[in-house]
Amino acid sequence: MAEKWKHTALLVIDMQNDFILDDGLMRVNGGKAIVPNVIKAVEIARQRGILIVWVVREHDYLGRDVELFRRHLYTPGKEGPTTKGYLGAQLVDGLVIKEGDYKLVKTRFSAFFATHLHSFLRSNGVNNLVVVGVQTPNCIRQTVFDAVAHNYQPVTVIVDATAAATADIHDANIYDMRNIGVATPTLEEWYETKL
C-alpha cells in the first residue's frame with residue numbers, strides 16, 4: 001500500500017434508501033445514477049487499504065434531532081426521512097459496511113458538525129479525504145468546506161460518484177469546491193492515480 005493511502009479516508013455520504021430510491025422520502029434526482037461509481041470507489045478504496053467511513057443520517061422517530069425547517073416531516077404515526085431503524089435509513093443495495101469500516105451518524109449537513117469525525121480521523125492518522133455520495137450542494141459541500149477548514153489536504157471529490165438534483169447544481173458546486181483547492185477527478189482518473 002502506498003504511503004498516501006495509509007493516511008487517506010473515503011467518506012461515503014448519505015447513500016441511503018431515502019436519498020437514492022425512486023420512492024425515497026428525500027430522493028436526490030441524480031443519486032441513483034452514481035450508485036455503480038460509488039460501489040466501484042468503495043472497491044478501489046478496499047484494494048488500496050483506505051479507511052472507509054460511512055457517513056449516514058439517522059433521525060429520531062419524532063424528528064427531535066432534525067433541522068427546524070424539516071421538523072414538519074416527522075409526525076407521530078408517520079415515518080420521517082432516514083428514521084433510525086427504518087428502511088429509508090439503510091444503505092442502498094450494493095453498499096455494505098464491512099469489518100474495519102467505520103459508521104458515523106450525523107444529523108446535519110456536514111459530517112463534521114456536532115460529531116467526532118475530526119478526532120476519529122486524526123487519531124487514525126488520516127489527513128487526506130476522498131468524498132463520494134449525495135447531495136453535492138448540501139452534505140457534500142458542507143463536509144468538504146469543513147474538511148478544508150480543518151486543514152485536510154488533499155481533499156478530493158470524485159465528480160462522477162457525487163450527485164445533486166440537477167447537473168447544473170452539481171457542476172456549480174463542484175466549481176466552487178475546485179476554487180478552494182479541492183481536487184475533482186472522475187472515478188477513472190482517481191483510479192489511475194499512482195503513488
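This is a friendly chat about a predicted model, covering its sheet, two of its helices, a cavity and a few backbone details.

Reader: Hi! Let's start with the sheet. How many strands does the open sheet have, and in what order?
Author: Happy to help! The open sheet has five strands, in the order β3-β2-β1-β4-β5, and their pairing is parallel.

Reader: Which strands stand at the edges?
Author: Those are β3 (102-106) and β5 (155-163). Each has a single partner strand, so one side of each is left without a neighbour in the sheet.

Reader: And what holds strands of a sheet together, generally?
Author: Strands of a sheet pair through backbone hydrogen bonds, and the pairing can be parallel or antiparallel.

Reader: Back to this sheet, then. By how many degrees are neighbouring strands turned against each other?
Author: On average by 20°, with direction ignored.

Reader: Can we zoom in on β1 and β2? How many bridges join them?
Author: Five bridges link β1 (residues 8-13) with β2 (residues 51-57), and the two strands run parallel. As an example, I13 has V55 as its bridge partner in β2.

Reader: Nice. Which strands does helix α3 touch?
Author: Helix α3 (residues 31-48) packs on the sheet and touches β1, β2, β4 (128-134) and β5. The direction of α3 makes about 140° with that of β5.

Reader: New topic: α5 and α6. At what angle do their axes cross?
Author: At roughly 10°, and the axes of α5 (residues 136-149) and α6 (residues 167-178) come within 10 Å. Angles under 35 degrees count as roughly parallel, and α5 and α6 are therefore roughly parallel to each other.

Reader: Which residues make that contact?
Author: From α5 you have T136, P137, I140, R141, V144 and F145. From α6 come I169, H170, N173, I174, D176 and M177. Sorted by class, the contact of α5 with α6 has seven nonpolar, three polar and two charged residues.

Reader: Good to know. How many cavities of 30 Å³ or more does the structure hold?
Author: One. The largest cavity has a volume of about 50 Å³.

Reader: What lines the largest cavity?
Author: Its lining consists of F19, M26, R57, H59, V66, R70, Y74, P81 and T82. By class, that lining of the largest cavity has five nonpolar, two polar and two charged residues.

Reader: Let me pick T82 from that list. Is its phi positive or negative?
Author: Positive, at about 45°, although T82 is not a glycine. You will find T82 in the loop between β2 and β3.

Reader: Last one: is the peptide bond from V134 to Q135 cis or trans?
Author: The V134 to Q135 bond is cis, with omega near -15°. Q135 is in the loop between β4 and α5.

Reader: And is the bond from Q153 to P154 cis or trans?
Author: That peptide bond is cis too, with omega near 0°. P154 has its place in the loop between α5 and β5.

Conventions: Residues numbered from 1 in each chain as written. Predicted model: local features only at pLDDT ≥ 70, side-chain atom pairs only at ≥ 80, totals over all residues. Heavy atoms only, no water. Axes fitted to C-alpha atoms, helices over the stretch in contact; angles between N-to-C directions. Helix = DSSP H or I, 4+ residues; strand = E, 2+ residues; numbered from the N terminus. Parallel < 35°, antiparallel > 145°, perpendicular 65-115°, else oblique. Contact = heavy atoms within 4.5 Å. Nonpolar A, V, L, I, M, F, W, Y, C, P; charged D, E, K, R; others polar. 1 Å grid on protein atoms, 1.4 Å probe; cavity = no way out; pocket = protein on both sides within 12 Å on 5 of 7 lines; lining within 4 Å. Points joined across faces, edges and corners; volume = space filled by probe spheres on them. Pairing = 2+ DSSP bridges.
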